[in-house]
Amino acid sequence: MGILKAARERGLSVPDQLAIIGFDDLEISDYIGLTTVRQPLKESGRVAVELLLARLADRARPVQHVQLPLTIVKRQTA
């Protein structure tokens, strides 16, 4: 919201002159028309707990990197 305000104060047209994309798709994003990246928060929490528990059970377990799908929610700012 601060970036949108700063853009308006400087006379920049969003999205024509400046595209703005947020992250996590908070509820307010829809209200203010903010394009966002949505991530599966419940799924990422579940995976994090599973990895933590597995690591605690076996400290020699190699580090794992997990990538979950992200979705772009297009609105008025990009």
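## The sheet

In this predicted model, three strands form an open sheet with mixed pairing. The strand order is β1-β2-β3. β1 (21-23) and β3 (71-73) are the edge strands. Each has a single partner strand, so one side of each lacks a neighbour in the sheet. From one strand to the next, the twist averages 25°.

β1 and β2 (residues 35-38) run parallel. Three bridges join them. Across this pair, F23 stands opposite V37 in β2.

## The loop after β1

Two residues with unusual backbone angles sit between β1 and α2 (27-32). D24 lies in that loop. Its phi is positive, about 90°, although D24 is not a glycine. D25 belongs to the loop between β1 and α2 as well. Phi of D25 is also positive, near 50°, and D25 is not a glycine either. Most residues other than glycine have a negative phi.

Are these two residues buried or exposed? D24 has 28% relative accessibility, so it counts as partly exposed. D25 has a relative accessible area of 16%. Buried means under 20%, so D25 is buried.

## The loop before β1

Which residues does a cis peptide bond join? The bond links V14 and P15, with omega about 5°. Most peptide bonds are trans. P15 is placed in the loop between α1 (2-9) and β1.

Key: Residues numbered from 1 in each chain as written. Predicted model: local features only at pLDDT ≥ 70, side-chain atom pairs only at ≥ 80, totals over all residues. Heavy atoms only, no water. Pairing = 2+ DSSP bridges. Helix = DSSP H or I, 4+ residues; strand = E, 2+ residues; numbered from the N terminus. Axes fitted to C-alpha atoms, helices over the stretch in contact; angles between N-to-C directions. Buried < 20%, exposed > 50% of the residue type's maximum accessible area, 1.4 Å probe, protein only.
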